[in-house]
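Here is a short note for a colleague who is opening this structure for the first time. Please read it with the model in view.

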Amino acid sequence: MRNVNRQGLRFVALVGLYLAGAEFAMRFIADSGSVALFWPSSGLALAAVILYGRRWALFIPVAIIITQLWLAPAPWSFVPFSLLGNTLGALAGSWLVGRMPDGPENTIRFGFRTLAGGALFALVAATVGVPGMLFSGMIPEASLPGAFLRWLMGDLLGVVAVTPALLIVAYRRRKSAAKADYGSESEALVWNIALVVSYLLMAWGAAAGSIYALGLTALPLAVMIWSALRFEPLRTALSVLVTVTLIGTMAGLGLSGFQPPTRTLDAMILLSYLCLLAILPTILSLAVQERRVATAALLRRANCDPLTGLPNRSAFEAQVQEALQDPSMPQMALGYLDLDNLKLINDTASHTAGDALIAGIAEVLSARLEPGDLLAHLGADEFILLFRHCSPVMARERAASLLRAVESFRCDFNGQQFSATASLGVAPFLADNADFSDLLSQADAACFTAKELGGNRVCLAGAQGGDVLDHTAAMHWAVRIREALEEHQFALFAQAIQPLRQTEVGGRHFEILLRMRNPRGGLPLTPDRFMPAAERFRLGVRIDREVVGMVLDWLESHPQAVEEIATCAINLSAGAMVDEGFIGFIAERLRSGRVAPRRLCFEITETSAVRDVKRAQRFIDEMRGLGCRFALDDFGTGFCSFSYLSTLDVDYFKIDGSFVRDMETSPLAAEVVRSITSIAHVLKKRTIAEHTESIRLRDALIAMGVDYAQGYAIEHPIAIDRYFAQPLAELASAQLPPASDATRIVMPAA
């Protein structure tokens, strides 16, 4: 019922507005045989049918009947022509607008669509209506062309003056106006004054009796162009409506010294000029507005995250820099929020479900922010926040409140409910002593610490200083590692592996050791400095590929050195076993190179192998299938290591250096070494003792039957060029006979 009442009121309002426009137009008609100079009701009719649909064209015949019976009585024989012409014109014009390519409102396409529809409206109405005037005896046959042109241009002027303003007002009410950079309020006030002054000057010039008075209409045209360039299209459209109505009234009624057009040619010139006066500012304003909206959209795309609608990092950083200039809020905190285990949802449901969860959590976080706080989406499952005017204790409480909100949120997606928890790192700071990049690093490190402690918690930078500091240092190492990989700043060192039995195959046995060039000069950096960070940030496999590539490149460029190699051992990270493309990389590299795979021996640590024995064995089998050999590094440190010996088909067991170093002081360590050696020989495997730091240890290992030794007692690591510069004969002669007291040294308890 309410909808029916609303539609009834709209119908009455449209009829009333049409009658008001008709009453205004009748002022320009000298007698019943004249055609109105300006018919604004045509603009109303076309706008109404475009906005509300074709069925609303019914108000047009109702309004025309009332007009013909009450406002301007005309012969009854003319009424059907007038009724049919205006109604068909509105329907035809709206049909053409709908048929043309669609586009957003307030664009050039929108303006030309309206202009084309208005032209068709005027053509149809004049084609039907003017013959009706002739048929009803209102005009003689000789006046037919002039009446047709006046009707056509009068309707067209009504459309170009009225329809854009009505459509812009309606579309503005239906949807919020696009934010754009318009002129200031003070500029708008000056513009209003300028428009009024232009009207007064135009009226003064006409009243002065100048034959060039119409030229003063350029003054309001200039002001309307100013509006088109600096303000929203609605202001321009309304000023066009007022200006055309004012000039048309003064010229049509002969006010302020203007002479009304008596000849058809004069009327056509005036109407054409008024149409151009209406069209040019309107089209210009729509073109400028389209550019404004496109610029605003590009700026929003550059500063906003498309998934959540939140600011991205660059926009957030700009907002933080602005907040730092506010002296009223000295205490603030930067928060770094990372969702826990979102990968499970992405893998089990879909990435679309994960995106829906992220978007929902963004809304939850936005709703829980305090006034003045800022929130941004960094990408993936990471958010960043700025807590204003809060101490470290308050920042922790507000962060904890956000985590509770995230934990309680449920996302419905395809009939399933998903939820997540989050970890949040908070870095408190004072506004006068803050650097954004440093704060972001602290908050990120604190967030990482929160995740390592189990997730779904807040970690305050400084509260767990050691952990946060460690992670910050690791992140710096990760950056340096990436730079070293991109700029090839790694160097190859080699350390000899000495056979301890005369029965072992001759040739060079050595292990490749990696070093990172020190950007500050000095000694190269050893792997214990950077490999923990590499493993932590999943850079191990990239380093593996780099090392393998460097080794094979060096060997292929030194073919004589290759002939001397018995075993070249290369360490691999744990990530190599789960990297699907690593074995393919090795296979392709060996296929395209000139190094025999049998000369290469890859090493993985025992602890990484026993995490997933089946995966490790598949990896080992595929590598051995390429012709390479394999070693289990740091052997003896795993839990129940002996149970895996028969499962992992490797060539060498490298006895962990901690047992070898302790042999002189720990009978247990010596017995572990002896047991590993005995079991390896039973399985027809060979053993290598790491960290052989003295001749006494080396001799003890010989007495135990260990096959190879590696350590400072054999050789210090040296650059690979220097290693191969040593004659092979010197390396072979470096082996010493076993000491007579070796057994007594390693087993003092006996």
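**Cavities, pockets and one sheet**

1. The second largest cavity has a volume of about 60 Å³. This is a predicted model. Nine names are worth picking out here: Ile497, His509, Thr567, Ala569, Cys601, Glu603, Ala631, Tyr652 and Ile688 line this second largest cavity. Strand 11 (565-571) and strand 12 (600-605) each supply at least two residues of that lining. By class, the lining of the second largest cavity has six nonpolar, two polar and one charged residues.

2. How many cavities of 30 Å³ or more are there? The count comes to two. The largest cavity has a volume of about 130 Å³.

3. Next, the walls of the largest cavity. Its lining residues are Phe110, Gly111, Thr114, Leu115, Val159, Val160, Pro164, Ala278, Ile279, Thr282, Ile283 and Leu286. Helix 5 (108-135), helix 6 (144-174) and helix 10 (264-303) each give at least two residues to this lining. Helix 10 has the largest share, with five residues. The lining of the largest cavity has no charged residues; nine are nonpolar and three are polar.

4. Now the open spaces. The largest pocket has a volume of about 1100 Å³. It is lined by 37 residues. Closest to its centre are Glu511, Leu513, Pro527, Asn571 and Asp633. Several elements give two or more residues to this lining: strand 10 (508-516), helix 17 (527-536), helix 18 (540-557), strand 11, helix 21 (606-611), strand 13 (629-635) and helix 23 (657-661). By class, the lining of the largest pocket has 13 nonpolar, 11 polar and 13 charged residues.

5. The second largest pocket holds about 650 Å³ of space. Its lining has 22 residues. Which of them lie nearest its centre? They are Asp338, Glu382, Phe448, Arg536 and Phe537. Strand 1, helix 12 (342-348), helix 15 and helix 16 (465-487) each give two or more residues to the lining of this pocket. By class, that lining has eight nonpolar, four polar and 10 charged residues.

6. On to the sheet. Five strands form an open sheet, in the order 2-3-1-6-7. The pairing is mixed. Why do strand 2 (374-379) and strand 7 (458-460) each have one side without a neighbour in the sheet? Both stand at the edges with a single partner strand, so one side of each is left without a neighbour there. Neighbouring strands of this sheet are turned by 20° against each other on average, direction ignored.

7. Look at one edge of the sheet. Strand 6 (residues 421-430) and strand 7 run parallel, joined by three bridges. Leu424 stands opposite Val458 in strand 7.

8. One helix lies across this sheet's strands. Helix 15 (residues 436-452) crosses strand 1 (331-340), strand 3 (382-388), strand 6 and strand 7. Helix 15 runs at about 45° to strand 1. Both helix 15 and strand 1 also give two or more residues to the lining of the second largest pocket.

Notes: Residues are numbered from 1 along each chain as its sequence is written. This is a predicted model: local features need pLDDT of at least 70, side-chain atom pairs count only at pLDDT 80 or more; totals for chains, interfaces and linings use all residues. Side-chain values use heavy atoms; hydrogens and water are left out. Two strands pair if DSSP finds at least two bridges between them. Helices (H or I, at least four residues) and strands (E, at least two) are DSSP runs, numbered from the N terminus. Axes are lines fitted to C-alpha atoms, for helices over the stretch in contact, and angles run from 0 to 180 degrees between N-to-C directions. Contact means heavy atoms within 4.5 Å. On a 1 Å grid over the protein atoms alone, a cavity is a set of points where a 1.4 Å probe fits but cannot get out, and a pocket is an open set with protein on both sides within 12 Å along at least five of seven lines; lining residues have an atom within 4 Å of a point. Grid points are joined across faces, edges and corners, and a volume is the space filled by probe spheres set on the points. Ala, Val, Leu, Ile, Met, Phe, Trp, Tyr, Cys and Pro count as nonpolar, Asp, Glu, Lys and Arg as charged, and the others, Gly among them, as polar.
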